[in-house]
Amino acid sequence: MKPNIHPKYQEAVVTCACGNSWTTRSTKAQLRTDVCSACHPFFTGEQRIVDTAGQVERFMRRMQRSQERPAAAAPQPTQAAAKPAKPAKAPKPAREAARPATLEALLETPAGSES
């Protein structure tokens, strides 16, 4: 192995945004993180909903309105909103005559007859 190619490890203090901290080894003396096992929802069992500009409230209102409305009153699609059918594509011409269909037909072809 080449000498002096490995980094120098030292005691490091990891600090989370929630205030939790612990000691480990790293190439840096201090490390900062946003989430740790003390505050992550997977480890705490707590579910947090991050609300970005009221999106959660709008979603909850829509869900409540859809549950209050009876199923028969649901809007039906109209004929004007339906997409027109696509025209059928023309079939591709067959090229079966240009090549033998089976291995036997290929073997029966004389060697000098191919162009």
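Colleague: Which residue in E3 does Val-14 stand opposite?

Modeller: Val-14 stands opposite Leu-31 in E3. Please keep in mind that this is a predicted model.

Colleague: What makes E1 and E3 paired strands?

Modeller: Two strands count as paired if at least two bridges are found between them. Strand E1, residues 10–16, is joined to E3 by four bridges, so the pair meets that cut-off. The two strands run parallel. Another partnership to look at is Thr-15, whose bridge partner in E3 is Arg-32.

Colleague: How do you know that E1 pairs with E2?

Modeller: The reasoning is the same kind of check. Six bridges join E1 to E2, and the cut-off is at least two, so these strands pair as well. Here the strands run antiparallel. You can find Gln-10 opposite Ser-26 in E2, and Val-13 has Thr-23 of E2 as its bridge partner.

Colleague: What is the order of the strands in the sheet?

Modeller: The order is E2-E1-E3, in an open sheet of three strands with mixed pairing.

Colleague: Why is one side of E2 and of E3 left without a neighbour in the sheet?

Modeller: Strand E2 (21–26) and strand E3 (30–33) stand at the edges, and each has a single partner strand, so one side of each has no neighbour in the sheet. As for how the strands lie, neighbouring ones are turned by 30 degrees against each other on average, direction ignored.

Colleague: Which residue takes a positive phi in the hairpin of E1 and E2?

Modeller: That is Gly-19, with a phi near 105 degrees, in a hairpin that has four residues between the strands. Asn-4 also deserves a look: its phi is near 65 degrees, a positive value in a residue other than glycine. Most residues other than glycine have a negative phi.

Colleague: Where is Asn-4, and why is Asn-4 called exposed?

Modeller: Asn-4 sits in the segment before E1. Its relative accessible area is 77%, and exposed means over 50%, so the word fits.

Colleague: Why is Val-35 called partly exposed?

Modeller: Val-35 has 43% relative accessibility. Buried means under 20% and exposed means over 50%, so a value in between is called partly exposed. You will find Val-35 in the loop between E3 and helix H1 (41–44).

Colleague: Which residues does Val-35 touch, not counting those up to four places away in sequence?

Modeller: Val-35 touches Cys-16 and His-40. For another view of its surroundings, take Thr-15: Val-35 and Thr-15 are 20 residues apart in sequence and 9.5 Å apart in space, C-alpha to C-alpha.

Colleague: What makes the nonpolar surface patch of about 290 Å²?

Modeller: Phe-59, Met-60 and Met-63 make that patch. Let us check one of them. Met-60, in helix H2 (residues 55–68), is partly exposed with a relative accessible area of 49%. Patch residues need over 30% relative accessible area, so Met-60 passes that step.

Colleague: How many helices and strands are in the chain?

Modeller: There are three helices and three strands. From the N terminus on, the elements run β-β-β-α-α-α.

Colleague: How much of the chain counts as buried?

Modeller: Of its 115 residues, 6% count as buried, a word that means under 20% relative accessible area. The accessible surface comes to about 11400 Å², and 56% of that belongs to carbon and sulfur atoms.

Colleague: What share of contacts between residues at least 6 apart in sequence joins residues at least 24 apart?

Modeller: The share is 0%.

Terms used: Residues are numbered from 1 along each chain as its sequence is written. This is a predicted model: local features need pLDDT of at least 70, side-chain atom pairs count only at pLDDT 80 or more; totals for chains, interfaces and linings use all residues. Side-chain values use heavy atoms; hydrogens and water are left out. Axes are lines fitted to C-alpha atoms, for helices over the stretch in contact, and angles run from 0 to 180 degrees between N-to-C directions. Patches are made of residues with over 30% relative accessible area and no salt bridge: like charges are joined within 9 Å, nonpolar side chains (Val, Leu, Ile, Met, Phe, Trp, Tyr) within 5 Å. Accessible areas come from the Shrake-Rupley method with a 1.4 Å probe; for residues, only the protein chains shown count as cover. A salt bridge is a side-chain nitrogen of Lys or Arg within 4 Å of a carboxyl oxygen of Asp or Glu. Buried means under 20% relative accessible area, exposed over 50%, partly exposed in between (1.4 Å probe, protein chains only). Contact means heavy atoms within 4.5 Å.
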